[in-house]
Amino acid sequence: MPQRLVGSTGIAGMTQLHQAAPLIERQHALIELLRVRAPRRVTGASLAEATGVSLRTVERDITRLREAGVPITIHRGPRGGYGIDARPVLPPISLTPGEASALIASLVAVGPYTSAVAQSALGKVLEALTGK
């Protein structure tokens, strides 16, 4: 079993933000790279080169994303690669105020100003939560 990181809280599994941020940013980049290329497949080598990590790191990240429910497909073989269901617009969803707060806290922790997409998402969730 892999060793779990212990953050400043001393609780197993709780990582410090500086440890989690590169992973989150890289996973966001992987999703965006797949989304932009959809419906075409993207090779692991291309994803590794674009994100500046090894192929093994891409494979681990893809596994984590798939386990979280991200609809990434894997096609093996000479014309294989990774793909994602990339709808241009998602259907409306309903969030409880607690769910919206959790998303806001997550975006703020990662840094909503690291990308225009994150900043836009934060603005939409805040608007829905506050009605402003």
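Start by selecting Asp-61: with a relative accessible area of 0%, this residue is buried. What you have open is a predicted model, so keep that in mind as you follow the stops below.

**Around Asp-61**

Colour helix H3, residues 55–67, and you will find Asp-61 within that helix. Next, show the side chains of Leu-23, Arg-26, Gln-27 and Leu-30; these are the contacts of Asp-61 once its neighbours within four places in sequence are left aside.

**The whole chain**

Now zoom out and colour by secondary structure. The protein chain holds five helices and two strands. Walking from the N terminus, you pass the elements in the order α-α-α-β-β-α-α. Of the 132 residues in the protein chain, 23% are buried. If you turn on contacts with a separation of 6 or more, 44% of them in the protein chain link residues 24 or more positions apart. Switch to a surface view and you are looking at about 9300 Å² of accessible surface for the protein chain, with 59% of that belonging to carbon and sulfur atoms.

**The two strands**

Select strand S1, residues 72–75, together with S2: the two run antiparallel and are joined by four bridges. Pick Thr-73, and opposite it in S2 stands Gly-83. Five residues lie between the strands of this hairpin, and Gly-77 there takes a positive phi near 110°.

Stay with S2 and look along the strand. Which way do its residues point? Gly-81 and Gly-83 point one way, while Tyr-82 and Ile-84 point the other, and all are buried. Side chains in a regular strand alternate between the two faces of the sheet.

**Into the loop after S2**

Move on to Ala-86, in the loop between S2 and H4. Is Ala-86 buried, partly exposed or exposed? Its relative accessible area is 29%, so Ala-86 is partly exposed. Leaving aside neighbours within four places in sequence, Ala-86 is in contact with Arg-35 and Ala-38. Try a distance label from Ala-86 to Glu-32 as well: they are 54 residues apart along the chain, and their C-alpha atoms are separated by 9.5 Å.

Further along, select Ile-93, which sits in the loop between strand S2 (81–84) and helix H4 (97–110). Ile-93 counts as exposed because its relative accessibility is 66%. For the last stop, add Leu-95 and Leu-103 to the selection and show the surface: with Ile-93 they form a nonpolar patch, with about 290 Å² of accessible area together.

Methods
Residues numbered from 1 in each chain as written. Predicted model: local features only at pLDDT ≥ 70, side-chain atom pairs only at ≥ 80, totals over all residues. Heavy atoms only, no water. Buried < 20%, exposed > 50% of the residue type's maximum accessible area, 1.4 Å probe, protein only. Contact = heavy atoms within 4.5 Å. Patch = residues over 30% accessible without salt bridge, like charges linked within 9 Å, V, L, I, M, F, W, Y side chains within 5 Å. Areas by Shrake-Rupley, 256 points an atom, 1.4 Å probe, with all protein chains shown as cover. Salt bridge = Lys/Arg side-chain N within 4 Å of Asp/Glu carboxyl O. Pairing = 2+ DSSP bridges.
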